[in-house]
Every structure is written in structure tokens, then in C-alpha cells.
Amino acid sequence: MILLPVLLMLARTIIEVGGWDGSAVGKAIVFVGTPLIALTITAVVAMFAFGYTIGKSRDEVNDLVGSSFGPIAGILLIVAAGGGFKETLVDSGIADVIADTLVSWDLPVLIAGWLVTVFIRLATGSATVATITASGIMAPIAAGLPATETALLVLAIGSGSVFFSHVNDAGFWLVKEYFGMTVGQTIKTWSLMETAVSVFGLAFVMVADIFI
């Protein structure tokens, strides 16, 4: 059941990448693979799989669905607030300011790509925004690099995008609420884990650059 929305969205991606989304079947798969539709389908299937098919009445299923809203209400509100804060920072243009400043520094290309991504990540709280913005900024530089160096730059940017998830990251609040931790506990666990992944990722890229 947990994998169902993932499989639906994966099917949509395969159809779009393969260029088969023009056919009637392709359009149908693209539709059901839309994230909101995929999640809605999963919710309905779950109601049948864990309700009607095991002998529960309609009222029992309604009670089960209704009781599930309470525990997730706080999580939804907090994650939405974190996402809204992130969008405010993104729309302010702070990512472009940080990126332009860092690119002007004379740094090795891999470290520059990682730092650009890290600072945008810290400022906006979004790994996606950090990756897209840093990729766009580093693209002209990457055009003149060997293929292996370009691949390592991609890894460096990916590593930088997960650096120190904190209070302006919706994912930070999602982890905090699901595990019932305080802000301090989440920073000491989740944020530090993300930072370790990012730093070790950069270290791996720099070591690989020496031998490749």
C-alpha cells in the first residue's frame, strides 16, 4: 500500500521519458501518476483493503478515516508553515544574491559548486531550489569540463543540497512531528545527520577527483 503511489508516479515518469504520453493509455497513466491523484487513489484503495474487504461496515470505515485526521493535523499545519517560509525566502531572491557572490570567488570548481548549493540550501531550506539554482549557475562552467569532472560536479551539488536541514525546511518539521522530538533534538539528530551526509559526500567527490 505504501508503494502504490510510488509505483503510479514512477509509471508516469517512464511514460513521459519514453515519449508515450500522447496515446490514450499514456495520458491515462500520466493522469493517475500525478502526485495528488496517486495519493487519492491510494487512500481509496486503502479504505477497501483495510476496511470493506476485512468485513468492516461503512460506518466503521468512516470512523477509521475520521480518526486519522487528528494525529496528522498538526503535522500538516507545521509542514505547510515551513514550506510557506521557504517560498518567502525563495521569492525574495536571496538565492541569486548568494550564488552570484560565491561564484565570484576564486575556488576549485567542485568546492564552488558545493558551497553555492550549501548556502542556497541554508537560506531557502529547499534542497530542490538549491539544486536547480546551483545547477543553472554552474552550467556554463561545466560546459568546459571533461565528462568525469562534470559528473563529479553533479555529485558535489547533490551533496550540498542536503546540508543541515533546519527550521526553514518543511522536511525538518515533518521529521520532528512524526518522531515527537523537540526542535533541539531534531537539530542534534536529523540536522547533524544531513550535514554528515553532505560533508562525506563532498569528501568522496574530492577523493574521486584525485584518482579519476
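## A walk through the helices

Select Arg12 and Glu16 first: both sit in helix H1 (residues 3–18), and because they are four residues apart, about one helical turn separates them. (Helices here are DSSP runs of H or I with at least four residues, numbered from the N terminus.) What you have open is a predicted model, so local features need pLDDT of at least 70 and side-chain atom pairs count only at pLDDT 80 or more, while totals for chains, interfaces and linings use all residues. Residues are numbered from 1 along each chain as its sequence is written, and side-chain values use heavy atoms, leaving out hydrogens and water.

**Stop 1: the pair in H1**

Show the side chains of Arg12 and Glu16. They meet in a salt bridge, with 3.1 Å from N to O. (That means a side-chain nitrogen of Lys or Arg within 4 Å of a carboxyl oxygen of Asp or Glu.) Now add a surface. Glu16 is partly exposed at 38% relative accessibility, and Arg12, at 22%, is partly exposed too. (Under 20% relative accessible area is buried, over 50% is exposed, and in between is partly exposed, using a 1.4 Å probe and protein chains only.) A search of the whole structure turns up four salt bridges, so keep those side chains switched on as you go along.

**Stop 2: Arg121 and its partners**

Jump to Arg121 and add Asp169. These two form a salt bridge, their closest N and O atoms lying 3.4 Å apart. Arg121 belongs to helix H6 (residues 109–124), whereas Asp169 is in the loop between helix H8 (147–160) and helix H9 (170–179), so the pair ties together parts that are 48 residues apart in sequence.

Next, bring in Glu194. Arg121 forms a salt bridge with Glu194 as well, and here the closest N and O atoms are 3.4 Å apart. This pair links distant parts of the chain, from Arg121 in H6 to Glu194 in helix H10 (residues 183–211), 73 residues apart.

Colour Arg121, Asp169 and Glu194 together, and you are looking at a network of salt bridges. Is it buried or exposed around here? Arg121 and Glu194 are both buried. For Arg121 the relative accessible area is 3%, and Asp169 is buried at 11%.

**Stop 3: paired rings**

Time for the aromatic side chains. Two general things to look at are the distance of the ring centres and the angle of the planes. Rings of Phe, Tyr and Trp (its six-membered ring) pair if their centres lie within 6.5 Å, with planes under 30 degrees apart called stacked, over 60 edge-to-face and the rest tilted. By this rule there are three aromatic pairs.

One of them is Phe48 with Tyr52: the centres are 5.0 Å apart and the planes are at 55 degrees, so the pair is tilted. Phe48 is partly exposed at 44% relative accessibility, and Tyr52 is partly exposed at 32%.

Then select Trp114 and Phe163. This aromatic pair is edge-to-face, 5.7 Å centre to centre with 90 degrees between the planes. Trp114 lies in H6 and Phe163 in the loop between H8 and H9, so parts that are 49 residues apart in sequence are tied together. Trp114 is buried at 10% relative accessible area, and Phe163 counts as buried at 17%.

While you're in that loop, click on Phe164. Phe164 is partly exposed, with a relative accessible area of 25%. Draw a distance from its C-alpha atom to that of Val118, which is 46 residues away along the chain, and you should read 8.5 Å.

**Stop 4: the nonpolar core**

Stay with Trp114 and show what surrounds it. The largest nonpolar core has 21 residues, and those with the most contacts inside it are Leu110, Trp114, Met138 and Leu153. H6, helix H7 (127–142), H8 and H10 each give two or more residues to this core. The largest share, eight residues, comes from H6. (A core is a set of buried Ala, Val, Leu, Ile, Met, Phe, Trp, Tyr and Cys residues joined through side-chain atoms within 4.5 Å.)
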